Amino acid sequence: MQSTMRRTVLLALFSGLAVAACSSPDAGSLFAAGGAGPGSTASSGGGEGGAPGEGGAPGNGGAPGEGGAGGTGGDEGPVIVDPPVCGDTYVDCDGNAENGCEVNVMGDALHCGTCPVPCRGSCQEGTCVQTRTHATGQRDPLYIAVAGGDLFWTNGEEGSVMQWSHETEETTVIASDQVEPAGIKADATHVFWVTQGDRDPYTGAVVRARRGSDEAPVVVAAAQTAPFGLALDDEFVYWTNREGGGGVVRARKDSNGNGPFTTIWGGAGSPHAVIVDATHVYWTVLPLDDGDGRVMAARKDSTGEGPFTTIATAQGEVREIALDGTYVYWTTSRTGTVMRAPKVGGQGEVTALVTGAPNPRGIVADRTGVYWTDPESVNIMKIWPNGIQGTFVAREASPYGIALDAERVYWTNGLGSNGTIESAPK
């Protein structure tokens with residue numbers, strides 16, 4: 001189970017900080033041109049939000065009211081920035097002329113102001129800034145969402161769904177006795193999450209609770225087979241069923257347990273993460289025996305007949321997923337990569353943005369860049385719009401889930417019963 005797997009992460013990771021020069025990818029701007037690799041194509045972005053039964057204005061990627069496992073889709077693509085020129089911002093820290101000025105010393109937490117100057121936290125305009133701790137003492141915090149300044153997350157170990165209020169700065173329990181809670185999202189009025197169940201067939205569920213209310217949580221979809229990833233738009237909630245043959249399913253946000261449910265895709269494999277934009281749903285599929293992890297897409301109104309778009313194949317143990325207005329991004333755990341491909345209707349090929357990482361998992365993207373976590377690292381990483389790669393935050397304790405809004409990036413640090421919820425300005 002997910003929380004059991006999380007406990008295998010080395011608890012000693014927080015004892016030290018690897019201070020290594022950060023090198024950029026070869027491309028002058030990863031957001032301006034594609035790279036080589038397998039796969040096909042992908043369209044314009046949307047957002048997540050809207051109250052059950054009411055609908056709501058779609059947000060832009062990174063806007064308040066969005067976030068959670070894998071991030072959200074944005075209407076606008078990344079800001080394209082010219083390749084860096086050596087100066088006060090971009091510095092040649094490794095002395096290798098071939099990769100040029102590979103470090104942004106105004107924002108790299110391992111080279112803050114100059115190189116190497118490691119921070120305990122983030123680097124803001126060349127100055128080390130501590131991260132903000134929103135909650136402590138969490139048991140195996142996994143996935144996280146942000147909406148209207150409030151934070152929501154799932155604690156896998158104790159089976160709870162939690163909230164931190166930006167108004168009171170208090171942490172409260174939204175729901176307890178949840179069986180292996182995983183993906184979580186929130187909109188202006190409700191928070192939604194999945195419980196995987198006890199792995200017997202049809203014991204998982206999709207659940208919602210009204211924000212700021214003492215009302216009991218309501219089951220949106222009962223009798224699901226190990227649901228895991230979750231996404232929202234104005235009207236619907238989307239989720240992946242990892243067992244029972246696997247499937248990507250949607251239901252109205254105001255559903256009450258028994259449907260109707262629509263299977264968007266049901267095929268060979270174990271779909272993991274899911275995300276939506278204005279027109280399409282995107283998901284990752286964990287590999288079966290052949291090791292062929294995939295990234296796929298379909299129109300949001302699909303009823304299981306397709307057409308389906310294969311964004312990428314042969315991706316190994318593919319995990320979380322993110323969108324901006326132009327690209328779809330995903331992580332692979334065992335092969336240690338962060339990948340990118342055009343959304344449906346776009347042009348270009350699959351690109352490896354990062355290779356050789358220990359265990360990249362959570363990922364989000366917006367106009368400020370791409371951010372990802374790795375529970376086997378003490379750092380949260382970032383790729384700036386001009387393709388420079390660096391450390392967004394240093395000295396974290398097994399970062400896992402990640403979300404963002406217009407101003408900040410939020411994440412979970414999971415170390416048994418001592419997990420924390422943190423954030424830093426973009």
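**Disulfides, sheet and nonpolar cores**

The torsion about the S-S bond of Cys112 and Cys123 is about 85 degrees, so this disulfide is right-handed. In the predicted model, Cys112 is placed in the loop between E2 and strand E3 (122–124), whereas Cys123 belongs to strand E3 itself, so the link ties together parts that are eleven residues apart in sequence. The sulfur atoms of Cys112 and Cys123 lie 2.2 Å from each other. Cys112 has a relative accessibility of 5% and counts as buried; Cys123, with a relative accessible area of 4%, is buried as well.

The structure contains four disulfides. When the bonded cysteines are counted along the chain, the connections follow the pattern 1-3, 2-5, 4-7, 6-8. One of the four disulfides is formed by Cys86 and Cys101, with the sulfur atoms 1.4 Å apart. Its S-S torsion is about -60 degrees, so the disulfide of Cys86 and Cys101 is left-handed. Cys86 is found in the loop between helix H1 (2–6) and strand E1 (90–91), and Cys101 in the loop between E1 and strand E2 (103–104); the pair therefore ties together parts that are 15 residues apart in sequence. Cys101 is buried, its relative accessible area being 7%.

A further disulfide joins Cys119 to Cys128, with an S to S distance of 2.0 Å. The link of Cys119 and Cys128 is left-handed, with -75 degrees about the S-S bond. Cys119 is buried at a relative accessible area of 1%, whereas Cys128, at 38% relative accessibility, counts as partly exposed.

An open sheet is formed by four strands in the order E22-E23-E24-E25, with antiparallel pairing. Strand E22 (318–323) and strand E25 (351–354) occupy the edges and have a single partner strand each, so one side of each is left without a neighbour in the sheet. From one strand to the next, the twist averages 30 degrees. Strand E23 (residues 327–332) pairs with strand E24 (residues 337–342) in the antiparallel sense over six bridges. Trp330 has Met339 in E24 as its bridge partner.

In soluble globular proteins, nonpolar side chains tend to be buried together. The largest nonpolar core of the model comprises 29 residues, of which Ile184, Val191, Trp193, Val206, Val237 and Trp239 touch the most other members. Another core, of 16 residues, lies apart from it and includes Ala312, Val328, Met339 and Val350. Met339 thus appears both as the bridge partner of Trp330 and as a member of the 16-residue core.

Terms used:
Residues numbered from 1 in each chain as written. Predicted model: local features only at pLDDT ≥ 70, side-chain atom pairs only at ≥ 80, totals over all residues. Heavy atoms only, no water. Pairing = 2+ DSSP bridges. Helix = DSSP H or I, 4+ residues; strand = E, 2+ residues; numbered from the N terminus. Axes fitted to C-alpha atoms, helices over the stretch in contact; angles between N-to-C directions. Core = buried A, V, L, I, M, F, W, Y, C linked by side-chain atoms within 4.5 Å. Buried < 20%, exposed > 50% of the residue type's maximum accessible area, 1.4 Å probe, protein only. Disulfide = S-S within 2.5 Å.
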